[in-house]
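Student: Please pick one part of this protein and take me through it closely, then show me what lies around it. I would like the terms explained as they come up.

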Amino acid sequence: MSKELSVPVVSLLARALQRVRSTPPRVIASPPTQPRRAAVALIIRVVPSPNTSLPSQQTNPPTLAEFFDLDWVKDPASRPEILFLHRENGQLDVASTSHVNPRDAKEAQAAFPGGRMEPDDEGCLYTAMRQTWEEIGIDLAEREYMLVGQLDDREITTSLGKRLLMILSPYVFLQLSPHAPPPDPIPTTSLHWTPLSSLVSPDSPPKWSSVTVDAASRLVSKHSPALRFLIQILIGSMEFPAILLEASTSLSYRTKQTSTHDVLEKGINQKAYPKQLKLWGLSLGMTLDLMSYMIYPPPPPNQPVYTPNRASPPSSPLTPVMQLPYQNVVEDLRVDLVAPSLASVFPRFSYPDVNFWIWVFGKRYREVIRGWEASLRAGGVNDRRINWSGTALSTFYAAIRKALVVVIVARALGIVFGLAIAGWWIFWQ
């Protein structure tokens with residue numbers, strides 16, 4: 001394996017967090033018609049090697065650069081992890097792409113701690129910290145944690161992008177000490193510390209899967225079961241890309257009685273999770289946003305764009321990892337350099353003709369994506385003045401809505417024509 005492809009995950013994480021800190025996030029203002037907002041916390045920690053003596057509690061917390069220069073952090077056997085959770089109570093998850101659950105009852109959706117902003121909250125950052133403390137018992141205001149920065153705001157929509165529900169703000173935090181108090185989640189929430197190597201390492205690439213959702217759940221009220229059943233028959237179901245999170249010793253239910261060292265290193269107080277945990281929807285999108293900060297700078301404008309079908313080597317160790325299942329929508333597009341999170345919220349329909357008509361009406365979407373790529377390559381950084389992600393989402397969902405209208409009308413005409421032929425055959429023969 002080349003030297004470029006053997007970059008330690010800790011080094012990739014250090015690069016990512018430095019870039020998150022130095023990159024101003026794209027902040028989306030809430031429209032007057034929909035002022036609701038929400039916030040989540042992406043919490044990252046580095047688990048020391050079992051053979052490393054744990055450092056003593058420092059008087060002053062280290063800076064970001066000092067943290068990644070610590071011996072126990074640089075140790076090749078250290079393990080960077082990111083915190084996901086699963087809520088058992090079935091309430092609306094602000095990091096989900098829908099109000100509905102996957103068809104398979106054995107599947108569980110991974111999410112980040114967070115929730116809706118309350119009227120008394122001082123801002124979205126306060127919301128993320130308050131919700132994290134209330135739900136899983138982690139006080140992000142303590143000295144053991146550092147606010148690294150904010151990722152781009154995201155729009156949560158329903159009815160296939162036609163109606164805005166709220167604006168979501170993701171914040172990235174880093175645990176600075178292995179001595180941090182263990183979390184204390186509420187009974188209906190389980191915590192899942194997942195190694196970043198299972199998400200970003202070319203040596204063990206993520207295991208891609210999908211989540212199937214009834215398309216009718218996005219279009220018809222649950223109080224209209226007959227219409228919902230009819231729409232389900234006409235347009236089928238949707239499949240969203242998902243990553244299977246490995247069920248390792250990092251999956252645990254924490255209690256205050258367990259010491260930090262025992263929880264991190266001995267793997268005690270752990271239970272086998274009964275469901276298959278999948279990372280999908282906006283939670284996957286935010287994870288891919290974080291991963292995108294780990295890639296190397298884009299190649300110069302005169303250098304050919306790398307695609308898996310070309311012989312030129314990738315410009316980043318994450319290029320082969322971040323090729324999502326549905327990235328054949330735009331040819332010759334380096335999605336890992338532009339917007340990897342977009343493909344995570346775009347569904348593929350079970351009926352081939354629906355996907356065909358989405359492609360037919362998706363010309364505007366493809367133009368937006370190519371403009372986004374051109375903006376990135378021209379300046380070396382994303383043009384923060386333009387809401388590229390919001391425009392891409394709106395144009396893609398517009399293509400979906402047009403495609404569904406065509407398919408439903410064609411199916412309805414086919415049914416009427418078939419009934420007419422059958423009636424003529426029965427009564428006139």
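**A close look at helix H4**

Tutor: The buried residues of H4 pack against five strands, namely strand S1 (37–47), strand S2 (79–87), strand S4 (114–116), strand S7 (163–175) and strand S8 (189–195). Helices (H or I, at least four residues) and strands (E, at least two) are DSSP runs numbered from the N terminus, and contact means heavy atoms within 4.5 Å. Keep in mind that this is a predicted model, in which local features need pLDDT of at least 70 and side-chain atom pairs count only at pLDDT 80 or more, while totals for chains, interfaces and linings use all residues. Residues are numbered from 1 along each chain as its sequence is written, and side-chain values use heavy atoms, with hydrogens and water left out.

The residues of H4 that are buried are Cys124, Thr127, Ala128, Arg130, Gln131, Thr132, Glu135 and Ile136; buried means under 20% relative accessible area, exposed over 50%, and partly exposed in between (1.4 Å probe, protein chains only). H4 covers residues 124–136, and at 1.5 Å a residue its 13 residues should span 18 Å, which agrees with the 18 Å between its end C-alpha atoms; the expected span is 1.5 Å times one less than the number of residues. Just after H4, glycine 137 takes a positive phi of about 75°.

From H4 we can move to one of its partner strands, S8, where threonine 189 is found. Threonine 189 is buried, because its relative accessible area is 2%. Leaving aside neighbours within four places in sequence, threonine 189 is in contact with Leu85, His86, Arg87, Glu135 and Ile136, and Glu135 and Ile136 are among the buried residues of H4. The C-alpha atoms of threonine 189 and glutamate 88 are separated by 6.1 Å, although these residues are 101 apart along the chain.

A further example begins in helix H1 (residues 9–22), where valine 9 lies. Valine 9 is buried as well, with a relative accessible area of 16%. Proline 195 stands 186 residues away from valine 9 along the chain, yet their C-alpha atoms are separated by 9.7 Å. Not counting residues up to four places away in sequence, valine 9 touches Pro80, Leu196, Ser197 and Val200.

Elsewhere, helix H7 (residues 225–235) packs with H13 at an angle of about 100°, their axes being 10 Å apart. H7 and H13 are therefore roughly perpendicular to each other. Ile231, Leu234 and Ile235 in H7 meet Leu404, Val407, Ile408, Arg411 and Ile415 in H13. Angles under 35 degrees count as roughly parallel, over 145 as roughly antiparallel, 65 to 115 as roughly perpendicular and the rest as oblique; they run from 0 to 180 degrees between N-to-C directions, with axes fitted to C-alpha atoms, for helices over the stretch in contact.

Helix H13 (residues 388–428) is also packed with helix H11 (residues 352–360), at about 130° and with the axes 8 Å apart. That angle makes H11 oblique to H13. In this contact Asp353, Val354, Trp357 and Ile358 of H11 meet several residues of H13, including Phe396, Leu404, Val407 and Arg411.

To place these parts in the whole, the protein has 13 helices and 13 strands, and 51% of its 429 residues count as buried. Of the contacts between residues at least 6 apart in sequence, 79% join residues at least 24 apart.
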